[in-house]
Amino acid sequence: MPTFETTAHFKRDFKKLSPEEKKRFEDVIRNRFVPDAAAGQFRPGLRVKPVQGVHVPEGESPIMEMTWAPDGRATWQHGQAVREGEPHIVWRRVGGHEIFVPGPA
């Protein structure tokens, strides 16, 4: 079972989601993302892929994006394992396509 943490930016983004969006995101994470992350392979419907044009410091994993709704995106990256042999996910941003527009951190 993957472990998770969230950035301050993710927490701010999440608060801005409507109750329906929060429920949908949580449902996708629980029923699709977690099983796929545990298996080490993501289903095509989540459209998991690296975020383009982002500099990642050497030694860090790439920043990834996934689709959780028609205009629902979330970015994340693998972090340092908390439990041996289990993936650790750091949630970075969540929302619509606007999360890809540079802005204040």
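A search of the whole structure, which is a predicted model, turns up 12 aromatic pairs. Take Phe25 and Trp68: their ring centres sit 5.4 Å apart with the planes at 75°, so this pair counts as edge-to-face, the label for planes over 60 degrees apart. The pair ties together distant parts of the chain, with Phe25 coming from helix 2 (residues 19-39) and Trp68 from strand 3, 43 residues apart. Both Phe25 and Trp68 are buried. Zooming out a bit, ring pairs join Phe4, Phe10, Phe14, Phe25, Phe33, Phe42, Trp68, Trp76 and Trp91 into a cluster.

Several of these rings turn up again in the nonpolar core. In soluble globular proteins, nonpolar side chains tend to be buried together. Here the largest nonpolar core has 19 residues, and the members that touch the most others are Phe25, Phe33, Met66, Trp68, Trp91 and Val94. At least two core residues come from each of helix 1 (8-16), helix 2, strand 3, strand 4 (72-78) and strand 5 (88-95). The top contributor is helix 2, which gives 6 residues. Phe33 is a handy residue to click on: once neighbours within four places in sequence are set aside, Phe33 is in contact with Phe4, Val28, Phe42, Leu46, Met66, Trp76, Ile89 and Trp91.

Next comes the sheet. It is open, built from 5 strands in the order 1-5-4-3-2, and its pairing is mixed. Strand 1 (3-6) and strand 2 sit at the edges with a single partner strand each, so each has one side without a neighbour in the sheet. In general, strands of a sheet pair through backbone hydrogen bonds, either parallel or antiparallel. Strand 3 and strand 4 run antiparallel and are joined by 5 bridges, and a hairpin with 2 residues connects strand 3 to strand 4. Within this pairing, Met66 stands opposite Ala74 in strand 4. On to the next pairing: strand 4 and strand 5 are also antiparallel, with 6 bridges between them. Across that pairing, Thr75 has Arg93 of strand 5 as its bridge partner, while Gln77 stands opposite Val90, again in strand 5. As for exposure, strand 4 is mostly covered, with 6 of its 7 residues buried.

What do the two helices do with all this? Helix 1 lies across strand 1 and strand 5, running at about 45° to strand 5. Helix 2 packs on the sheet as well, touching strand 1, strand 3, strand 4 and strand 5, and its direction makes about 120° with that of strand 3. Helix 1 has a clear burial pattern: His9, Phe10, Asp13 and Phe14 are buried. These four cover an arc of only 135° around the axis, which puts them on the same side of helix 1. That fits the general geometry, as an α-helix has 3.6 residues a turn, so residues three or four places apart point the same way. The buried residues of helix 1 pack against strand 1, helix 2 and strand 5.

A few individual spots are worth a look too. Thr3 belongs to strand 1, and is buried because its relative accessible area is 11%, where the cut-off is under 20%. Leaving out residues up to four places away in sequence, Thr3 touches Val82, Arg83, Pro87, His88 and Ile89.

Two loop residues round things off. Arg47 is placed in the loop between helix 2 and strand 2, and its phi is near 45°, a positive value in a residue other than glycine. Most residues other than glycine have a negative phi. With a relative accessible area of 48%, Arg47 is partly exposed. Glu60, for its part, is found in the loop between strand 2 (49-50) and strand 3 (64-69). Its relative accessibility is 45%, so Glu60 counts as partly exposed too. The C-alpha atoms of Glu60 and Gln77 are separated by 8.5 Å, with the two residues 17 apart along the chain.

Definitions and conventions. Residues are numbered from 1 along each chain as its sequence is written. This is a predicted model: local features need pLDDT of at least 70, side-chain atom pairs count only at pLDDT 80 or more; totals for chains, interfaces and linings use all residues. Side-chain values use heavy atoms; hydrogens and water are left out. Buried means under 20% relative accessible area, exposed over 50%, partly exposed in between (1.4 Å probe, protein chains only). Rings of Phe, Tyr and Trp (its six-membered ring) pair if their centres lie within 6.5 Å; planes under 30 degrees apart count as stacked, over 60 as edge-to-face and the rest as tilted. A nonpolar core is a set of buried Ala, Val, Leu, Ile, Met, Phe, Trp, Tyr and Cys residues joined through side-chain atoms within 4.5 Å. Contact means heavy atoms within 4.5 Å. Two strands pair if DSSP finds at least two bridges between them. Axes are lines fitted to C-alpha atoms, for helices over the stretch in contact, and angles run from 0 to 180 degrees between N-to-C directions. The arc is that of the directions from the helix axis to the C-beta atoms.
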